[in-house]
Amino acid sequence: MVESRTRSAASPDLPHPSGDPRFALIDRTLKRFRFQQDALIEVLHTAQEAFGFLEEDLLIYVARQLKLPLSWVYGVATFYHFFSLQPQGEHNCIVCMGTACYVKRAAEIVAALQTAYGIEAGQTTPDGMLSITAARCLGSCGLAPVLIVDGQVLARETPETAIAAVQLAIEASAAAGNGRSSQLDDSYDEEGDL
Amino acid sequence: MPDLITITIDDVEYKVPNGMLLTDAAKLINIDIPVFCSHPKLDPLGACRMCLVEQDVRGRWMIVTACTIRVAEGMKFRYASPAATQAREDTLEFLLINHPLDCPICDKGGECPLQDQTLKHGPGVSQFQEIKNHKAKRYPISDLIMLDQERCIICWRCIRYLEEWEDKPQLGLFHRGDRSVIDFFPGQPVDAKTSGNIIELCPVGALTNRVSRFRYRPWDTKNIDSICVHCSQGCNVRLDGRIHQLRRVVARENMAVNDEWICDKGRFIHAFADAPERLTTPLIRDHKGGELREAGWEEALALVAQRLAFTADVQGPAAVGALGSAKLSNEAAYLLQKLMRGLVGSNNVDHRGGAAVLADPRGLSAIRDVEQADLIVLAGVDPAEEQPVLATFIRRAVRRRGAKLLILHPRQIEDTRYPGAYLPYKPGQEAALFEGLSRGLLQEARVKERAARLAGFADLVDGLGNAAVDAAGAEAVRLMLSAQRPMILYGPALVSGRAAAANRASLMNFALLAGCVERTFYLAPEANSVGARDMGLLPASLPGHAAIGDAPGRERLERLWGVKLPTQPGLGYDEMLEAAAAGRLRALYLVGSDPASQGPAGQAALQKVDFLVVQELFLTESAKLADVVLPAVSWAETDGTFTNLERRVQRAAQAIANPHSQAAPDWLIFTEMAKLWPAVAGEAKAEGKKSKRKSSGAARQWGYGSAAEVLDEITRAAPMYDKLSWDALGDEGTQWPLADAAGSPLSAVASRRLTPPERRSVAPGRDEYPYALVAGQVLFDYGTLMRQTEVTERVAAPVAVSINPADAAREKLAAGQPVSISSAVGQVVLPVRLDETVQPGTLWIPYSLPGAPAETLLGSVSAGSGARVRIAPGALSSSEKVG
């Protein structure tokens, strides 16, 4: 779709004016892929890992560097569930709603989590502790219904075990007193539902 | 002749052109494969799945998308098979799952491909019993276009148009699955100049026209083929009228002119045709200082005829002048100058941008030629603002054919984003810039060798000197020399003003040296800039470009009109206003021109004339000063022809009529006025009495019964319009031929002679006025016609003076701060706007802002598009408030 663009706009190598060192991580990925436009997803991965979520300013930066239309970058960022445009909670619970998991009552798990924490899927608790996400398919249908809590894949869950697993994760970090632990394992395939 | 191959559809063999898309090939053999995403003007995508057919792939029948398959020898398809039919039915059923059934209030209802396909190919029932997805239903994607995300079927046509034609991919598809929506990046709504085309492309009612929304039903309008009169391109449009109002404007295909696109000005700015502020009766001011009162046509026309004739008798014909407009139709322009020359006996007839501009009347060879060029030189023109559809063709040449752009412009215009070179200049430096480029060209041996054969070569080399060429100039020269099919486009800004002749000479020298003078074209600015010149709406030339001093040409028209014509050239636009201010011009007839809106000088001039007639749509600033105001009609309310920038004469037929208004077409006003002219009326009376005195037939001269009859006379008056009668023009218009103009004054323009450069005393920017003012056209300004459309305020250029941020910092000016700008002739106050595309040392103010700041600073039309100015912080006091 996107024809190659040869714009004479600002040089792509200009660092982000804010001087935020996290942009250096993005720049490193950009250089690794020699500013190729088809490296967009890789660059967004890096951006999300560095910043936790993709804010607009970040997307604008990536679009400029790759000389891609903003609408294109935004489209890719919204297409994949892995990318988040809102700040994420310290803990993350992804419930697979793919066909196999759905048949195995994943919807009940989502409903139970929503009731327990008072938020909808796709939202973060007001205290910033937990984000609940419903994913299309995590590609692990044999383990249905599947949860991913803070990057850890949990198989054959029920509403009760799901809440317990989430609670455990929250309490563990509270006990350890450390903050961030949302290092998602990105080994699963976001395109799994195709 | 394309090579034909054989394909099989439903066991029948057909011969179709090789490589054609299956959907198009099927159309040739009357199989109408339904499509949504596929569009002949957009690249194939295969997103909507509506065109599913079966194809024999190595013995297995597979479901494929017909809109992406290019046919080849021996391909076998099934269109009507149960599997293919079922697949299309299922697709439609899926598309309709989340599509709201609000057809009764949907603008697209009645011309909606989704409705039509559902009726033709749909299952008729839906198995879907769940709740439909809800999305945004009134979601503005720009000030002009509303998106209903629920109706959208994700065909990508709008995304693709903006990407492929506008090269402004501002819309994208966000999210996925049944949540997919068309949207823009937050805070970056669509601002493409031809964005309205996506409304027509949309195969459902998802994108709607915010100006026309809910104002029409497609089966309920009377649709008339016409053309757009906002710029010189003359895009073909269809005017949809209902109960005497113009309800919407849509594009009409004309491959030679506008493909099937029109710009947003053409599509959205038409409210002026039915604005309640329109003049509906003639107005008369009985004595100076009195009020305008309503009057009948008879009284108003008789008064105008008598006063103009009286002034011509007593003060001499040179004391009467007329200012027309390049927006008038050929018929109106022709009759205005015929009235002035034939009845008043004066050559004082011109229009804004007329005699003051050294235009090339031949215009562009053909619009679509720009797509064949591999280097397009834009000299002092910004097609994106001035001819937006032409700009999309230029972008197409750049993106599809790898053309490069060499842009010479005082502002870093949008198209400088493309490969090529950009040479900025300040108004007044044009000639020097082209001389620099000519020097650069002459450094190349082969250029020098070729040019040495041209007349005037030695003088040119002598005059150019041997100053060094800077790096940007050298790059421009390199581009020029490496191009196989270069094309130079220049605009009125380059060839008007005091330096017009020198600028044009230096441009033509450059073009001659580059070997591209035959491909150097003038882009006329207004709807009928070319036609007004052809019709002789100029002080020194008659219809058909015969010069006033050219006796055979003049005598030909004298025979045609049955009168003696004045032999002295008349006054131009500015000269007439100057003469009026000096008291030499006593009566002035304004037709579609509004000098009073162009600053205090114009107002003062109009106040000095004894008798001012204004023929207009609205009570303009000039009309407020008039002694007689004659209500005219817009292009939509009368027949007329317009000649576009490629000399194409096109018809604009009457689409609507307001029964509550007495306003009349220009041609009819002139005709009826002429009949009341004392000499004509006297003659008619004498004829009535069967007097023995021989009549010259002047009364019969003005017996037009329709605009088409006026055009008939034009075909005899202007040789190049020969054979271009109303019927002959057809729906797509006809270009008047250049060949017939050989030997006429037109061929003089194509002189192959080099002109030695003028010795200019280089006037350094005086400290008193350190900045160069740059003025120019923008698509959405605040002109009289624009102001009648509500959305205009939101899309129009900001009312401000734009300055480079570096200059602003040096002058200690902040954005939004009011500043006073003064030139030798005027002073205005405007807020500051910071803009990096404005060159340091220049200030940018578009034409036609409220209060006419640019025009005030320039002082007159012939000042060209630049002036020296200074800038100083200044508060908006109540007495000098702008707008």
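# A walk through chains A and B

In this predicted model, Pro145(A) lies in the loop that links strand E2 (130-135) to strand E3 (147-149) of chain A. The peptide bond between Ala144(A) and Pro145(A) is cis, with omega at about -10 degrees.

The loop belongs to a chain of 194 residues, 44% of which count as buried. Chain A has seven helices and four strands. Read from the N terminus, its elements follow the order α-α-α-α-β-α-α-β-β-β-α. Among contacts in chain A with a separation of 6 or more, 66% are between residues 24 or more positions apart.

A second backbone feature of chain A is found in the loop between helix H3 (56-66) and helix H4 (70-79), where Lys67(A) is located. Lys67(A) is not a glycine, yet its phi is positive, near 55 degrees. With a relative accessibility of 29%, Lys67(A) is partly exposed, because that value falls between the 20% limit for buried and the 50% limit for exposed.

Helix H4 (70-79) of chain A leads to a group of aromatic side chains. Phe79(A), Tyr80(A), Phe82(A) and Phe83(A) make up one aromatic cluster. Over all chains, the structure holds 17 aromatic pairs. In the pair of Phe79(A) and Tyr80(A), the ring centres are 5.0 Å apart and the planes meet at 75 degrees, so the arrangement is edge-to-face. The reasoning rests on the angle, since planes over 60 degrees apart count as edge-to-face. The two residues can also be described by their accessibility: Tyr80(A) is buried, at 11% relative accessibility, whereas Phe79(A) is partly exposed, at 28%.

Phe79(A) also takes part in an arrangement with chain B. The charged end of Arg176(B) is placed over the ring of Phe79(A), at 5.0 Å from the ring centre. Within chain B, a further arginine is set over a ring: Arg78(B) lies over the face of Trp61(B), 3.9 Å from the ring centre.

Next to Arg176(B) in sequence is His175(B), in the loop between strand E8 (171-174) and strand E9 (181-184) of chain B. His175(B) has a positive phi, near 65 degrees, although the residue is not a glycine. Its relative accessible area is 37%, so His175(B) is partly exposed.

The interface between the chains can now be taken as a whole. The size of an interface is often expressed as the accessible area lost when the parts come together. For chain B and chain A, the buried area is about 2,000 Å², with 54% of it from carbon and sulfur atoms. The contact involves 25 residues of chain B and 21 residues of chain A. One salt bridge is counted between the two chains. Asp178(B) and Arg136(A) form a salt bridge through their side chains, at 3.6 Å from N to O.

Chain B itself is divided by its domain assignment into domain 1 (4-97), domain 2 (140-274), domain 3 (283-301 + 317-350 + 532-640 + 652-689 + 701-720), domain 4 (367-522) and domain 5 (771-880). The centres of domain 2 and domain 5 of chain B, taken over C-alpha atoms, are 31 Å apart. Their contact draws 13 residues from domain 2 of chain B and ten residues from domain 5 of chain B. Together these two domains of chain B bury about 1,100 Å², and 76% of that is on carbon and sulfur atoms. On the side of domain 2 of chain B, Asp143(B), Lys265(B) and Ile269(B) supply 46% of the area buried against domain 5 of chain B, more than any other three residues. Between domain 2 and domain 5 of chain B, the count is one salt bridge. Asp143(B) is also the partner of Arg794(B) in a salt bridge, in which the closest N and O atoms are 4.0 Å apart.

A last stop is helix H18 (residues 573-581) of chain B, whose buried residues are Tyr573(B), Asp574(B), Met576(B), Leu577(B), Ala579(B) and Ala580(B). An α-helix has 3.6 residues a turn, so residues three or four places apart point the same way. The cover over the buried residues of H18(B) includes strand E16 (320-324), strand E17 (349-351), strand E25 (587-591) and helix H19 (600-608) of chain B. After H18(B) comes Gly583(B), which has a positive phi near 85 degrees.

How values were computed
Residues are numbered from 1 along each chain as its sequence is written. Chains are lettered from A and ligands numbered from 1 in the order in which they are written. This is a predicted model: local features need pLDDT of at least 70, side-chain atom pairs count only at pLDDT 80 or more; totals for chains, interfaces and linings use all residues. Side-chain values use heavy atoms; hydrogens and water are left out. Rings of Phe, Tyr and Trp (its six-membered ring) pair if their centres lie within 6.5 Å; planes under 30 degrees apart count as stacked, over 60 as edge-to-face and the rest as tilted. Buried means under 20% relative accessible area, exposed over 50%, partly exposed in between (1.4 Å probe, protein chains only). A charge sits over a ring if NZ of Lys or CZ of Arg is within 6 Å of the ring centre and within 35 degrees of the ring normal. Helices (H or I, at least four residues) and strands (E, at least two) are DSSP runs, numbered from the N terminus. Contact means heavy atoms within 4.5 Å. Domain bounds come from an automatic or database domain assignment. Buried area is the accessible area (1.4 Å probe) that two parts lose on being put together, summed over both.
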